[in-house]
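Visitor: I should like to learn how the features of a structural model are read, one at a time. May we begin with charged side chains and proceed from there?

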Amino acid sequence: MTTPRVVVTGLGIAAPNGLGTEEYWAATRAGKTGISRITRFDPAQYPAKLAGEVPGFSAADHLPSRLLAQTDHMTRLALVATDWALEDAGVDPKALPEYSMGVVTASSSGGFEFGQGELQKLWSQGSQHVSAYQSFAWFYAVNSGQISIRNGMKGPSGVVVSDQAGGLDALAQARRQIRKGTALIVSGSIDASICPWGWVAQLAGGRLSTSEAADRAYLPFDEAAAGHVPGEGGAILILEDEQAALARGAEVYGEIAGYGATFDPAPGSGREPGLRKAIEVALADAGVDASDVDVVFADAAAVPELDRIEAEAINAVFGPQGVPVTAPKTMTGRLYSGAAPLDVATALLAIREGLIPATTHVEPDPGHDLDLVCGQPRTSDLRTALILARGHGGFNAALVVRAA
Amino acid sequence: MATEAFTLEDLKRILREGAGADENVDLDGDILDMEFEELGYESLALLETCGRIEREYAITLDDNVISDAKTPRALLDAVTAHLAGAAAPVAA
């Protein structure tokens, strides 16, 4: 028996440089940034003041008041992105058996903004003032749960929490569930925690850029790399069994062809970090050689040591300057668990158009010896793309997508 | 605090503030004897609603009010009974 192929049939994007797939792709191919000074709260007293905020999102235009009362910003974005992804896939969930559809998303922090509001009520007004919805609105699994309830999806569902790597780990888990027999899984991730509570938590991690110039703040693989700018948003993807998708005449963006995940050895062990192995596992899983890969979407930490580790892993597999590498997330900031699903969506759009979007504002450090696509996007015949994501604490994930 | 009446209008306002309103339900219709579930409110929405009533009216509802009051009329009766009972001690 052959393993069923799993394909992407719908995209729903909420990104700092564009709300909706069309707006996002138009901005991304043009190199338009979504990074600017924080507006969701006054950042004056914090050392980091820039973020990638999703523009022009009015939840009340899309969601009923019953949901507004019980959802964090990230959940509202995720619910609307899911609506768009299902529409894009031509799927009406109400017309399908409820146990044939599941939801597997990733999360890095949960609903921080909602949680902050309730904690403020707790300490300033007392426990009587805390919303009953705090019981789940902050929770990591809440996006999966709310998507499941809104769309009547009762098949295998869950959430993966492994920081930025989780965005790929969730897609891999979705693929597993489809291979085990579920026809459709809503996957990907939307993350958002641009509120004071989320901000101080991220500052404590020590990896935020403190630059106040939007075009100098997030410079992965640049000698001036000095941390990242956080962003909010991500992408929701509709994954289906290829046969089922073709049978209903769905348009297919591409196949989730391979996946690998590793964990770094203990700090100080002197052993090689796990990213190279994750790439090799993903390529082997997809049944492709390094020479088949047309573009790599980098994790792009913009922390010099982490950039070096990533460049070494890429060069170990592909050879120096051996494959075009890009980081369109330089236009959005790092979206935590939302980053890699957005990169996967971007890779599928890049394959469709034959265009590698650029890494913006970066002057590549020649020491990394990468063929980094900078300044201008690059036209190229693309069939196979590799997406990399690393999570704080040692998570590595790699995913291969292939043209349908 | 003097004894206050707790009316259907008060309940509708608190429901909307705390839990929103289902777009397929007309709260301004004849809802007194409809079940909360039909109105689109699950147990957590009622927990939130009762919490807000308790705060606003400075009363403590019995735990079983949430499970027993299936309709707006039943909840209004339960709150009114508490307000009558609580009036003296709260005023003192």
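Guide: Let us begin with a salt bridge: the side chains of Glu255(A) and Arg5(A) meet in one, with an N to O distance of 3.2 Å. Please keep in mind that this is a predicted model.

Visitor: Where along the chain do Glu255(A) and Arg5(A) lie?

Guide: The pair links distant parts of the chain, 250 residues apart. Glu255(A) belongs to strand 9 of chain A, and Arg5(A) to the segment before strand 1 (6-15).

Visitor: Is Glu255(A) buried or exposed?

Guide: Glu255(A) counts as buried because its relative accessibility is 6%, under the 20% cut-off. Arg5(A), at 35%, is partly exposed.

Visitor: How does a salt bridge within a helix read?

Guide: One looks at the spacing in sequence. Glu312(A) and Arg308(A) form a salt bridge at 2.9 Å, N to O. They are four residues apart in helix 11 (residues 304-318) of chain A, so about one helical turn separates them. Glu312(A) is partly exposed at 46% relative accessibility, and Arg308(A) is partly exposed at 34%.

Visitor: Which residues of helix 1 of chain B are separated by about one helical turn?

Guide: Asp10(B) and Arg13(B) are, being three residues apart. Their side chains meet in a salt bridge at 3.7 Å, N to O. Asp10(B) is buried, with a relative accessible area of 16%, whereas Arg13(B) counts as partly exposed at 31%. Salt bridges may also share partners: Arg5(A), Glu242(A), Glu255(A) and Arg402(A) are joined into one network in this way. Over all chains, the structure holds 29 salt bridges.

Visitor: How many salt bridges are counted between chain B and chain A?

Guide: The count is one. It is formed by the side chains of Glu42(B) and Arg66(A), at 2.4 Å, N to O. Polar contacts across this interface number seven residue pairs, with both residues at pLDDT 80 or more. On the side of chain B that touches chain A, helix 1 (8-19) and helix 2 (43-57) each supply at least two residues. Helix 2 gives the most, with seven residues. By class, that side has six nonpolar, four polar and six charged residues.

Visitor: How is the size of an interface expressed?

Guide: The size is often given as the accessible area lost when the parts come together. Here chain B and chain A bury about 1100 Å² between them, 49% of it on carbon and sulfur atoms. Within chain B, the residues that lose the most area to chain A are Leu44(B), Glu48(B) and Arg55(B), together 45% of what that side buries. In terms of contacts, 16 residues of chain B meet twelve residues of chain A.

Visitor: What is the secondary structure of chain B?

Guide: Chain B has four helices and zero strands, following the pattern α-α-α-α along the sequence. Of its 92 residues, 42% are buried. Among contacts in chain B between residues at least 6 apart in sequence, 63% join residues at least 24 apart.

Visitor: How should a pair of aromatic rings be read?

Guide: Such a pair is described by the distance of the centres and the angle of the planes. The search finds nine aromatic pairs over all chains. In one of them, the ring centres of Tyr133(A) and Phe136(A) are 5.9 Å apart and the planes are at 65°, so the pair is edge-to-face. Tyr133(A) is buried, at 0% relative accessible area, while Phe136(A) is partly exposed, at 25%. The rings of Phe263(A) and Phe395(A) also form an edge-to-face pair, with centres 5.2 Å apart and planes at 80°. That pair links distant parts of the chain, with Phe263(A) in strand 9 (residues 254-263) and Phe395(A) in strand 16 (residues 395-403), 132 residues apart. Phe263(A) counts as exposed at 51%, and Phe395(A) as partly exposed at 29%. Ring pairs also link Phe41(A), Tyr46(A) and Trp199(A) into a cluster.

Visitor: Where is Pro230(A) placed?

Guide: Pro230(A) lies in the loop between helix 8 (196-204) and strand 8 (233-241) of chain A. A loop residue may be examined by its accessibility and its contacts. Pro230(A) is buried, at 2% relative accessible area. Beyond its neighbours within four places in sequence, the residues in contact with Pro230(A) include Trp199(A), Leu208(A) and Tyr336(A).

Key:
Residues are numbered from 1 along each chain as its sequence is written. Chains are lettered from A and ligands numbered from 1 in the order in which they are written. This is a predicted model: local features need pLDDT of at least 70, side-chain atom pairs count only at pLDDT 80 or more; totals for chains, interfaces and linings use all residues. Side-chain values use heavy atoms; hydrogens and water are left out. Contact means heavy atoms within 4.5 Å. Buried area is the accessible area (1.4 Å probe) that two parts lose on being put together, summed over both. A salt bridge is a side-chain nitrogen of Lys or Arg within 4 Å of a carboxyl oxygen of Asp or Glu. A polar contact is a pair of N or O atoms within 3.5 Å; within protein, one must be able to donate a hydrogen and the other to accept it, and residues adjacent in sequence count only if both atoms are side-chain atoms. Ala, Val, Leu, Ile, Met, Phe, Trp, Tyr, Cys and Pro count as nonpolar, Asp, Glu, Lys and Arg as charged, and the others, Gly among them, as polar. Buried means under 20% relative accessible area, exposed over 50%, partly exposed in between (1.4 Å probe, protein chains only). Rings of Phe, Tyr and Trp (its six-membered ring) pair if their centres lie within 6.5 Å; planes under 30 degrees apart count as stacked, over 60 as edge-to-face and the rest as tilted.
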